[in-house]
Amino acid sequence: MRDALAADGSPASPRCSEARLRFLLRLGDALRPLDDVGAIQALVARMLVEEMEADRGGYADVRSDGDTVELEWRPADDGGFPTPAHWSADIGRPVHDRLCSGRIDLHQDVADDASLGAAERHAYAAMDVAAAVNVPVLDAGRLRAFFFLHHRRPRPYSDGELDFLRETAERAGFAIEDARTKAALRDSEARLLAALESVPAGIAMLDTSGRIVLANAEYRQFLPSGVIPSRDPAGVGRWQAWDDDGHLLTPTDYPGARAMRGERTVPGQEMLFSIDATRRIWTRVASVPIYDAAGRINGQASVISDIDALKRNSEALRESQARAQLLIDGIAAATWEAAPDGLVEADSPSWRAFTGQAYDEWKGYGWLTAIHPSDRTATVRTWREAVRARRPIDAEYRLRRADGQYRWMNVRAVPLRNDAGRIEKWLGLNIDIDARKRLEQSLGDNERRTRALVEGIPQLLWRAGRATRLDWASPQWTAFTGQTEQDSRARGWLDMVHPDDRDAVLAAWEGAAAGAGFEIEHRLRHRDGRYRWFATRGVPVIDEAGDIVEWLGTANDIDALRDAQAGQEIMVAELQHRTRNLIAVVRALSEKTLDGATSLADFARRFNHRLSSLARVQGLLSHTKARGRVMFDELLRSELSALGGSDSDGLDARITLRGPRGIPLRSSAVQTLALALHELATNAVKHGALASATGRLEIGWSIERDDAPCPSLFIEWTETGVSAHRAGGADAPSGYGRELIERALPFQLKAKTSYALTADGLRCTVTVPIISTQTGKEGP
């Protein structure tokens, strides 16, 4: 992007606008399938980081009530930056305040930016940020979010780049707002449908053709074709209705048809609906037209209520109402009546006794003063809507008692109609539900706390009504095993236990002493098929009679702990083994050196040289631990270098090496082979090829692959230009070096060796099994 802009932001070439257009086209293509705000913000942030070559970027949602500001930072890529604990406090508020102006908040060099406060510069420095740019996303002039880009080094931004960031933010803002609108619409439709399904009546929204757009199940049973009777020739015969004079109505005068003409049918038209050839029920159908912004009819709202029982059993209903009144008097804190327009006119001794209001204080809308101030607006709105719509009311509010305390009430009121359907008055009652509300709140708080605790801990939790039979497993169980909570019930959980451990787990649980619980380690199968070790502990819940009511337990992942313990045991065993071997080697070296020494000083010199060789081997083993094996050429060069056969400038001119690099040696062979090379090299320096200017030392090695399971390393040590007496050296006949080569190597390493003096020097060969270069396995 920067290549396409000049220093002042002007186009450096036609590529500037083309690059911006290409980015915006890619952005548009990427945003098109997204409808989640978080996904949109994350996508734009990632693309901006890539396009502007930033070291980190992301976005922050802004929530502000005027006095406080809450930022939720979401880095799209942390870039390896540190993130201080007080990022929002030190940086968030200043950034928010500057972005509220709608301008980009740019800091090209944080260290030298005088517009930043000390705390903000310190916070940026703690995050290793040298340059920062914050781009606002506005909604109707209000800051809703912003994108941010961070650089590790000062970064100048041109006007063209800032225009580019501003345009990108605007497009992101449009996409975010569109996603929010769609989400709100889906949520609104879902809530509306849920509300409709909760209503014990058929409710629907229909279009101008009379077809159902949205309806609950109750409504659809009356219109199985999805079309109102006046527009449905096949279904119109199932409906009948009469006017006030008893004349049969034509379908064009049905409520749905009237609503299409702009007429309201409220509270509704009584209609007889045929369920089948033998059954018919009475319904009340209400319809009102729906208008668009231009005042045109674009649909209707329709309600179908089953009034069959009411219509056919009016007398039974009156008796039921009388019985209900007796019940109401027993459960209601207050009963009251209101006029058809909702105004209170009749006295209510029970209301006044509860609230302490006088009649003059209570009549009209005076009763509102006894309602809790926080509930008054919603209560009066609900009441007036119910009166206007002539529908029953079922609401809750807090009502002040005569002693000044507020108690929760469930208020219910229904309109009392005469035979003509007109409302004569409203009948209402208040039921004291304060204890229930407090209990609900307490239960809700406890449930939320318990759920947060259960879902927040890493252990797998479970509950069992009887031993070995689960009733419930926590979400962590499903997340780890992949087994659903339903499948884990009873003994389904046992399928996740390793087959070799199942009997032990069952035995531990079934054999637990009453009240003592149990604890056992076993393996559980992960959802990827691997098994991990867990420590499961179960404790019984005991009732007052001493009986076990249920079991509660946890399963804790101890796989890493067991691996660490096993690794520690292996390391200790290996250390002990190596220590014993090393002591044995040192003892053997001391004994052999003592046997061949001519004096104490000679013993000290030879023993020190051999200990040094052994020390070099141990050092080489330590330095090559990361690679796992010691290579022969490294071992050889180490011995030659220690005895002066090579230096930083290369090998001694008298020495010739030929052989491949990187031949791995068996771990058990390194020490013995190193001592053999040390003895040969020491003899060459003291008596052999390296003891005279005319001597030559040639060392060659290669890999031999015979019929053996593992290959062998063939080593040929040849010294020339040396008299036979000098070539043998002090150890030539039967010294430690020769004994090591001819006896120790074959015995310890299964090697084949030869050691022979020649006319002008000596020739020694060693063939020793090594590690397979194909399989990595050691030889015998």
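Strands β6 and β11 run antiparallel and are joined by five bridges. That pairing is a good place to start exploring this structure, which is a predicted model.

## The sheet around β6

Look along β6 and you will find isoleucine 203 standing opposite valine 303 of β11. β6 also pairs with β7: three bridges join these two strands, and they too run antiparallel. Here leucine 206 has isoleucine 212 in β7 as its bridge partner. Between β6 and β7 the chain makes a hairpin with five residues between the strands, and glycine 210 in this hairpin takes a positive phi near 85°.

How many of the five residues of β6 are buried? Four of them are, so you can think of β6 as mostly covered.

Now step back to see the whole sheet. It is open and antiparallel, with six strands in the order β7-β6-β11-β10-β9-β8. Which strands stand at the edges? They are β7 (212-215) and β8 (239-241); each has a single partner strand, so one side of each is left without a neighbour in the sheet. From one strand to the next, the twist averages 30°.

Further along the sheet, β10 (residues 280-291) pairs with β11 (residues 297-306) over nine bridges, in the antiparallel sense. Valine 285 has isoleucine 304 in β11 as its bridge partner. Helix α5 packs on the sheet, where it touches β6 (202-206) and β7. The direction of α5 makes about 70° with that of β7.

## Aromatic rings

The structure holds 15 aromatic pairs. One of them is formed by phenylalanine 23 and phenylalanine 164, which meet edge-to-face. Why does this pair tie together parts that are 141 residues apart in sequence? Phenylalanine 23 lies in helix α1 (residues 15-31), while phenylalanine 164 lies in helix α5 (residues 159-198), so the contact between their rings bridges that separation. Phenylalanine 23 has a relative accessible area of 1%, and because buried means under 20%, it counts as buried. Phenylalanine 164 is buried as well, at 0%.

Phenylalanine 480 and phenylalanine 534 form an edge-to-face pair too. This pair links helix α14 (residues 475-481), where phenylalanine 480 sits, with strand β19 (residues 531-542), which holds phenylalanine 534; the two residues are 54 residues apart. Both phenylalanine 480 and phenylalanine 534 are buried.

Here are the values for these two pairs:

| Aromatic pair | Centre to centre | Angle between planes |
|---|---|---|
| Phenylalanine 23 and phenylalanine 164 | 4.9 Å | 65° |
| Phenylalanine 480 and phenylalanine 534 | 4.9 Å | 70° |

Aromatic residues also gather in a group: Trp493, Trp509, Phe518 and Trp551 form one aromatic cluster. Phenylalanine 518, a member of that cluster, is eleven residues from alanine 507 in sequence, and their C-alpha atoms are 10.0 Å apart in space. Alanine 507 belongs to helix α15 (residues 502-510) and counts as partly exposed, at 47% relative accessibility.

Rings can have charged neighbours as well. Arginine 384 places its charged end over the ring of tyrosine 365, 4.9 Å from the ring's centre. Arginine 562 lies over the face of tryptophan 533, and here the distance from the ring centre is 3.6 Å.

## A helix with two faces

Which residues of helix α4 (residues 118-126) are buried? They are Glu120, Ala123 and Tyr124. These residues cover an arc of only 100° around the axis, which puts them on the same side of α4. On the face turned away from that buried side you will find the exposed residues Ala118, His122 and Ala125. Just after α4 comes aspartate 128, with a positive phi of about 60°.

## A tryptophan in a loop

Finally, visit tryptophan 242, in the loop between β8 and α7 (255-260). Is tryptophan 242 buried or partly exposed? With a relative accessible area of 31%, it is partly exposed. Leaving aside residues up to four places away in sequence, tryptophan 242 touches His247, Leu248, Leu249, Gln269, Leu272 and Trp282. Methionine 271 is 29 residues from tryptophan 242 along the chain, yet the C-alpha atoms of the two are separated by 7.6 Å.

Conventions:
Residues are numbered from 1 along each chain as its sequence is written. This is a predicted model: local features need pLDDT of at least 70, side-chain atom pairs count only at pLDDT 80 or more; totals for chains, interfaces and linings use all residues. Side-chain values use heavy atoms; hydrogens and water are left out. Rings of Phe, Tyr and Trp (its six-membered ring) pair if their centres lie within 6.5 Å; planes under 30 degrees apart count as stacked, over 60 as edge-to-face and the rest as tilted. Helices (H or I, at least four residues) and strands (E, at least two) are DSSP runs, numbered from the N terminus. Buried means under 20% relative accessible area, exposed over 50%, partly exposed in between (1.4 Å probe, protein chains only). A charge sits over a ring if NZ of Lys or CZ of Arg is within 6 Å of the ring centre and within 35 degrees of the ring normal. The arc is that of the directions from the helix axis to the C-beta atoms. Two strands pair if DSSP finds at least two bridges between them. Axes are lines fitted to C-alpha atoms, for helices over the stretch in contact, and angles run from 0 to 180 degrees between N-to-C directions. Contact means heavy atoms within 4.5 Å.
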